[in-house]
Amino acid sequence: MSFRITPLTDPARGAHSRRLAWLASDADSIPVGTAFLRLFDGGQAHLAELTLHAHPVERRKGVGSRLLDTAVAAARDNDRRCVSAQAQAGSPGAHFLSARGFRKVLTLRFARLPLADVDAIALAEIIERPHPGYRLTSWQGTVPDTLAQTFAASRRAMDDMPMEDTDYGTVAWDVDRVRAAAKAVEQRGDQLHTVVAIDTCDDSIAGFTELVVPGNGTGDGQHYGTGVLPEHRGQGLGRWMKAESIRQARGRYPDLGGLLTDTADSNAHMRHISDSLGYVPTHTTLQYQLDL
């Protein structure tokens, strides 16, 4: 069957990445599939992130393969050394990627906390338990100017997160970048909430957790990241911050259904935190990588 691949223009170029896009259509100009390739900069300039969809009716007809070949060629043209993609375990997408030379490099475990099932008393006990030398604070949207520099510095807490065999690279965070990330969430209509643990010795941020809530306050919120700087680990800050984030979500958004999180299978510590707070496993997603 004959397909036409048409390059598209992404109208929303990011501050630290850009996205290429293609539309596959059949002989009657009916769309049958899409592919998007995210090209990163800085410490991730070697990486391209692929999202590919073929209409279920059109699968096994070559649509996905044509789109994949186009995206991989573009990754090579842009001097990338690997392409990553995700698919749910056991899905047609997982089989497709494996059959085309991608290797599994990371297993992500997804879980959900139904807010209606939260034990408010147990949650309060976690939050109120003393953590000598630390205090919690929080904000909505963009980080306050007084904390911007130390918040940007605290982002290195994610540099050593378990990523198994993924060639992930590192993200260099500065004040402009954390502000741009918050602005991107705001522009799409969602709300970003951040809770941080502050070292009372010097008022620097020792760790953070971020939660994004749909703009209308319904559905499910999504945890974006929780990290504690290496020199502050072992104090229970991750669980403390996440518990406070849950408490705030319940108080501010009475119509919010739950909170979603995803954690690398190898990150036993963070999975234990989620389990202890009542998150229930939902599914597993596999990350694949094609080395160019």
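Let me start with helix H3. The face of H3 turned away from its buried side carries two exposed residues, Ile-121 and Glu-128. This is a predicted model, by the way. H3 spans residues 120-128, and Leu-123, Ile-126 and Ile-127 are buried in it. Look down the axis of H3: the buried residues fall within an arc of 95°, so they line one face of the helix. The general rule is worth recalling here. An α-helix has 3.6 residues a turn, so residues three or four places apart point the same way. What do the buried residues of H3 pack against? Helix H6, residues 237-252. Now the start of H3. There, Asp-119 brings a side-chain oxygen to within 3.1 Å of the backbone nitrogen of Ile-121.

Next, the sheet. It is open, it has 12 strands, and the pairing is mixed. The order reads E1-E2-E3-E4-E5-E12-E6-E11-E10-E9-E8-E7. Which strands stand at the edges? Strand E1, residues 4-8, and strand E7, residues 134-140. Each has a single partner strand, so one side of each is left without a neighbour in the sheet. From one strand to the next, the twist averages 25°.

Let's go to strand E6, residues 103-114. E6 and E12 run antiparallel, joined by 9 bridges. Two pairs to look at on screen. Lys-104 is opposite Tyr-288 of E12. Arg-112 is opposite Val-280, again of E12. E6 also pairs with E11, antiparallel, through 7 bridges. There, Ala-111 has Thr-261 of E11 as its bridge partner.

Two helices lie across this sheet. H1 crosses E1, E2, E3, E4, E5 and E12, and runs at about 165° to E4. Helix H7, residues 268-276, lies across E6, strand E10 (219-228) and strand E11 (256-264). The angle of H7 to E11 is about 160°.

On to the cores. In soluble globular proteins, nonpolar side chains tend to be buried together. In this model, the largest nonpolar core has 28 residues. Which of them touch the most other members? Trp-22, Leu-37, Leu-50, Val-83 and Phe-102. Several elements give two or more residues to this core, including strand E2 (17-25), strand E3 (31-40), helix H2 (92-99) and strand E12 (280-291). The largest share, 7 residues, comes from H1.

Take Trp-22. Beyond its neighbours within four places in sequence, Trp-22 is in contact with a list of residues, among them Ile-5, Leu-8, Leu-37, Leu-67, Ala-71 and Ala-74. Apart from this core lies another, of 27 residues. Its members include Val-195, Val-228, Met-241 and Met-270.

Last stop, Glu-164. Where is it? In the loop between helix H4 (145-154) and helix H5 (175-187). Buried or exposed? Glu-164 has 34% relative accessibility, so it counts as partly exposed. Setting aside neighbours within four places in sequence, Glu-164 contacts Val-105, Leu-106, Thr-107, Ala-264, Asp-265 and Ser-266. Two of these deserve a distance. The Glu-164 side chain reaches the backbone nitrogen of Thr-107 at 3.2 Å. The side chains of Glu-164 and Ser-266 make a polar contact, also 3.2 Å. One more pair: Glu-164 and Thr-285 are 121 residues apart along the chain, and their C-alpha atoms are 14 Å apart.

That's the tour. Thanks.

Definitions and conventions
Residues numbered from 1 in each chain as written. Predicted model: local features only at pLDDT ≥ 70, side-chain atom pairs only at ≥ 80, totals over all residues. Heavy atoms only, no water. Helix = DSSP H or I, 4+ residues; strand = E, 2+ residues; numbered from the N terminus. Buried < 20%, exposed > 50% of the residue type's maximum accessible area, 1.4 Å probe, protein only. Contact = heavy atoms within 4.5 Å. Polar contact = N/O pair within 3.5 Å; in protein donor to acceptor, adjacent residues only side chain to side chain. Core = buried A, V, L, I, M, F, W, Y, C linked by side-chain atoms within 4.5 Å. Pairing = 2+ DSSP bridges. Axes fitted to C-alpha atoms, helices over the stretch in contact; angles between N-to-C directions. Arc of directions from axis to C-beta.
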